[in-house]
Amino acid sequence: METNFVHHQSAHCENGVASNLLKHQGINISEPMVFGIGSGLFFFYLPLLKVNHAPAISYRPMPGFIFNKAAKRLGIKVKRVKFSNPQSAQKALEDNLKNNIPSGLQVGVYNLTYFPDEYRFHFNAHNLVVYGKKDDTFLISDPVMETVTTLTEKELEKVRFAKGALAPKGQMYYPVAIPAVIDWETAIKKGIKNTCNDMLAPVPIVGVSAMRFLSRSIRKWPAKKGVKVANHYLAQLVRMQEEIGTGGGGFRFIYAAFLQEASVILKNEKLKELSLEMTTIGDLWRDFAVNAARVYKNRSNQTDVYNSLADELLKLADLEEAFFKKLKKAI
């Protein structure tokens with residue numbers, strides 16, 4: 001069983017799977033366009049909730065939201081199924097492959113045998129496509145990998161039914177209905193408005209307000225929690241930003257590429273200008289991650305390091321608030 005699926009590498013798994021599945025259906029949509037229409041840019045900080053023994057920080061919406069929103073705004077129907085046992089999950093996947101339907105899966109990262117050891121940790125919201133099967137081996141298109149790869153039946157079962165937070169429960173998804181005509185302009189505008197509203201939300205745990213909340217927390221961590229715990233919190237912050245889903249600088253660069261594409265479709269030069277501005281903000285997010293990493297690795301030569309990092313984050317919040325106000329006005 002093998003579908004005529006074409007693998008394209010991407011920066012982020014969910015955008016990449018969505019883009020690749022839609023390209024297979026004849027819709028030429030880039031990763032940045034999926035990300036922008038699906039309102040993938042986000043910021044969330046909830047210190048009461050702990051992830052890996054550190055406050056919950058997320059640079060993206062919940063798994064599945066990006067593709068679901070993008071599909072809805074493009075008029076595409078996506079079917080999602082979860083399973084109570086591995087046998088029915090494998091049968092449903094094989095039935096799809098027999099019908100030439102490449103299928104997206106949500107999986108756990110820890111047991112992905114083709115991932116380098118340093119990237120294998122307990123994170124259950126990774127996405128990949130299964131596009132075929134030869135003997136007892138499934139053919140895998142993981143968009144963050146350069147080329148296609150494989151997993152045995154047992155290996156795939158293990159990652160589809162990984163335990164813990166955001167357990168995938170064998171989740172499988174694929175497009176089932178594509179409209180004859182797609183209204184790109186309306187979809188793009190809806191995606192942009194949603195992102196602007198999220199990032200400018202008047203609540204302390206979402207958007208630029210959450211960034212300011214986190215900045216205040218960083219100043220307090222060393223005295224309140226001790227340097228060891230404060231550094232663990234910083235390490236988790238950087239991991240969420242740059243490793244688990246490329247949320248910080250990486251997402252800003254993808255969003256900048258989206259605005260560049262959108263400027264052509266909407267014939268809006270202002271979006272092109274804002275694309276350049278977002279690239280600059282992305283560079284500053286990368287600088288912030290590097291400086292935070294120096295602190296928790298005890299390599300920083302700055303004094304008063306935690307206040308310095310908090311100031312950097314405050315500056316990013318100010319820049320993003322101004323940016324999203326201009327973006328909202330531009331459309």
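Q: Is Lys 169 buried, exposed or partly exposed?
A: In this predicted model, Lys 169 sits in the loop between α5 and β8. Its relative accessibility is 47%. Exposed would need over 50% and buried would need under 20%, so Lys 169 counts as partly exposed.

Q: What is the phi angle of Lys 169 near?
A: Lys 169 isn't a glycine, yet its phi is positive. The value is near 50 degrees.

Q: Which residue in the loop between α5 (153-160) and β8 (172-177) has a phi near 55 degrees?
A: That phi is a positive value in a residue other than glycine. The residue is partly exposed, with a relative accessible area of 38%. Its name is Leu 166.

Q: Which residues make a nonpolar surface patch with Leu 166?
A: The patch covers about 280 Å². One of its members lies in helix α3 (residues 65-74) and counts as partly exposed at 42% relative accessibility. That one is Phe 65, and the full set beside Leu 166 is Met 62 and Phe 65.

Q: Which helix gives the most to the positive patch?
A: The patch is formed by Lys 50, Arg 216, Lys 220, Lys 224 and Lys 225. Lys 225, for one, is partly exposed at 41% relative accessibility, and Lys 225 lies in helix α7. With 4 residues in the patch, the top contributor is helix α7 (residues 207-225).

Q: How many aromatic pairs are there?
A: Rings of Phe, Tyr and Trp pair if their centres lie within 6.5 Å. By this rule the count is 13.

Q: Is the pair of Phe 5 and Tyr 131 stacked or edge-to-face?
A: The ring centres are 5.9 Å apart, with 20 degrees between the planes. Planes under 30 degrees apart count as stacked, so the Phe 5 and Tyr 131 pair is stacked.

Q: How many residues apart are Phe 5 and Tyr 131?
A: Phe 5 belongs to the segment before α1 (13-24), while Tyr 131 is in strand β5 (residues 126-134). Both are buried. The pair links distant parts of the chain, 126 residues apart.

Q: Why is the pair of Phe 43 and Trp 285 called tilted?
A: The ring centres of Phe 43 and Trp 285 are 6.3 Å apart. Stacked would need planes under 30 degrees apart and edge-to-face over 60. Because the planes of Phe 43 and Trp 285 stand at 35 degrees, the pair is tilted.

Q: Which parts of the chain does the pair of Phe 43 and Trp 285 tie together?
A: Both residues are buried, and they are 242 residues apart in sequence. Phe 43 lies in the loop between α2 (31-37) and β1 (44-51), so the pair ties that loop to the home of Trp 285, helix α10 (residues 269-296).

Q: What is the C-alpha separation of Phe 258 and Phe 35?
A: Phe 258 lies in helix α9 (residues 249-265), and its relative accessible area is 0%, so it's buried. Ring pairs link Phe 35, Phe 251, Tyr 255 and Phe 258 into a cluster. Phe 258 and Phe 35 are 223 residues apart along the chain, but their C-alpha atoms are separated by 7.5 Å.

Q: How far apart are the closest N and O atoms of Asp 95 and Lys 91?
A: These two are 4 residues apart in helix α4 (residues 86-98), so about one helical turn separates them. Asp 95 is partly exposed at 28%, whereas Lys 91 counts as exposed at 52%. They form a salt bridge, with the closest N and O atoms at 2.9 Å.

Q: Which residue forms a salt bridge with Asp 311?
A: The closest N and O atoms are 2.7 Å apart. The pair links helix α11 (residues 305-330) to helix α7, 92 residues apart. Asp 311 is partly exposed at 42%, and its partner counts as partly exposed at 31%. That partner is Arg 219.

Q: Which residues are linked with Lys 325 in a network of salt bridges?
A: Lys 325 and Glu 321 meet in a salt bridge at 3.4 Å, N to O. Both lie in helix α11, 4 residues apart, about one turn of the helix. Besides Lys 325, the network holds Arg 212, Asp 318 and Glu 321.

Conventions. Residues are numbered from 1 along each chain as its sequence is written. This is a predicted model: local features need pLDDT of at least 70, side-chain atom pairs count only at pLDDT 80 or more; totals for chains, interfaces and linings use all residues. Side-chain values use heavy atoms; hydrogens and water are left out. Patches are made of residues with over 30% relative accessible area and no salt bridge: like charges are joined within 9 Å, nonpolar side chains (Val, Leu, Ile, Met, Phe, Trp, Tyr) within 5 Å. Accessible areas come from the Shrake-Rupley method with a 1.4 Å probe; for residues, only the protein chains shown count as cover. A salt bridge is a side-chain nitrogen of Lys or Arg within 4 Å of a carboxyl oxygen of Asp or Glu. Lys and Arg count as positive and Asp and Glu as negative; His and the chain ends are not counted. The place of a charge is taken as NZ of Lys, CZ of Arg, CG of Asp or CD of Glu. Buried means under 20% relative accessible area, exposed over 50%, partly exposed in between (1.4 Å probe, protein chains only). Rings of Phe, Tyr and Trp (its six-membered ring) pair if their centres lie within 6.5 Å; planes under 30 degrees apart count as stacked, over 60 as edge-to-face and the rest as tilted.
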